[in-house]
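Thanks for coming. I will take a few minutes to walk through one chain, going from the overall layout to single residues. Please have the sequence and the model open.

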Amino acid sequence: MGGGDGDFERQLHHATSVRENINSTGEKTMASSNVRVICTESSFNSEVIQSTLPVIVHFFAKWAGPCKQLQPSLDALADEYIGKMVFVNVDVDENESLAMEYEVTTVPAVFAIKHGEVVDKFTGYKDKQDLVAVCKKIL
């Protein structure tokens, strides 16, 4: 998948107060404890598949305009659903095997996962109202 400009990274960091840490499972956690950037398959397993909370997984590419448009709405929802749901970002260029496993051929691709199972998914841009409807399906 390829391409790249730093605008998405800057927007993502700005939306989450520019702070990130690497925790013991290897993923970057953003300033909001409810948004995580997956860096390894192992961290995907622990943060998504084994999660006791429902998870919204956003497969994105830094170079894709629709991903840049979708991210602020997902960040806002992550803040609204703290303690009820976890939000995860997976860069398809850095995690090609996960993208292939979930058959991601278009970005953004968003998966609603509960108890390790995909409950709903969509590709492309959706407005916040549509995203709330997806979240409600897995609560």
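The chain has five helices and seven strands. In sequence order, they run α-β-β-β-α-β-α-β-α-β-β-α. Keep in mind that this is a predicted model. The chain has 139 residues, and 47% of them are buried. As for contacts with a separation of 6 or more, 63% are between residues 24 or more positions apart.

Next, the interior. In soluble globular proteins, nonpolar side chains tend to be buried together. Here the largest nonpolar core has 22 residues. F44, V57, F59, V88, V90, V104 and F111 are the ones with the most contacts inside that core. Which elements supply at least two residues each to this core? They are α2, residues 41-49; β4, residues 55-60; β5; α4; and β6, residues 109-114. Strand β4 gives the largest share, which is four residues. Another core lies apart from this one and has 16 residues, including Y81, F87, V110 and I138.

Since β4 gives that largest share, I will stay with β4 for a moment. Six of the six residues in β4 are buried. The cover is on both faces of the strand. On one side are V55, V57 and F59, and on the other are I56, H58 and F60. So the histidine, H58, is buried along with its neighbours, because in this model buried means under 20% relative accessible area and every residue on both sides of β4 meets that. Strand β4 pairs with β5 in the parallel sense, over six bridges. Within that pair, I56 stands opposite F87 of β5.

Now helix α3, residues 65-80. The helix has 16 residues and reaches 24 Å from its first C-alpha to its last, close to the 22 Å expected at 1.5 Å a residue. What lies at Q71 in α3? There is a kink of about 30° there, shortly before the proline P72. The buried residues of α3 are C67, K68, L70, Q71, S73, L74, D75, L77 and A78.

On to the cysteines, for anyone planning to ask. How many disulfides does the structure hold? The number is zero. C67, in α3, counts as buried because its relative accessibility is 0%. C135 is also buried, with a relative accessible area of 2%.

Two more single residues, starting with N95. Where is N95? This asparagine sits in the loop between β5, residues 86-91, and α4, residues 96-101. Is N95 buried or exposed? N95 is buried, because its relative accessible area is 5%. Leaving out residues up to four places away in sequence, N95 touches I38, C39, T40 and V90. Of these, V90 was named earlier among the residues with the most contacts inside the largest core.

The other is V119, in strand β7, residues 117-123. V119 counts as partly exposed, because its relative accessibility is 44%. Beyond its neighbours within four places in sequence, V119 is in contact with A112, K114, K137 and I138. V119 and K137 are 18 residues apart in sequence, and their C-alpha atoms are 7.7 Å apart in space. I138 came up before as a member of the 16-residue core.

That is what I have. I can take questions now.

Notes
Residues numbered from 1 in each chain as written. Predicted model: local features only at pLDDT ≥ 70, side-chain atom pairs only at ≥ 80, totals over all residues. Heavy atoms only, no water. Disulfide = S-S within 2.5 Å. Buried < 20%, exposed > 50% of the residue type's maximum accessible area, 1.4 Å probe, protein only. Contact = heavy atoms within 4.5 Å. Core = buried A, V, L, I, M, F, W, Y, C linked by side-chain atoms within 4.5 Å. Expected span 1.5 Å × (residues − 1). Bend = angle between axes of the 7 residues up to and from the residue. Pairing = 2+ DSSP bridges.
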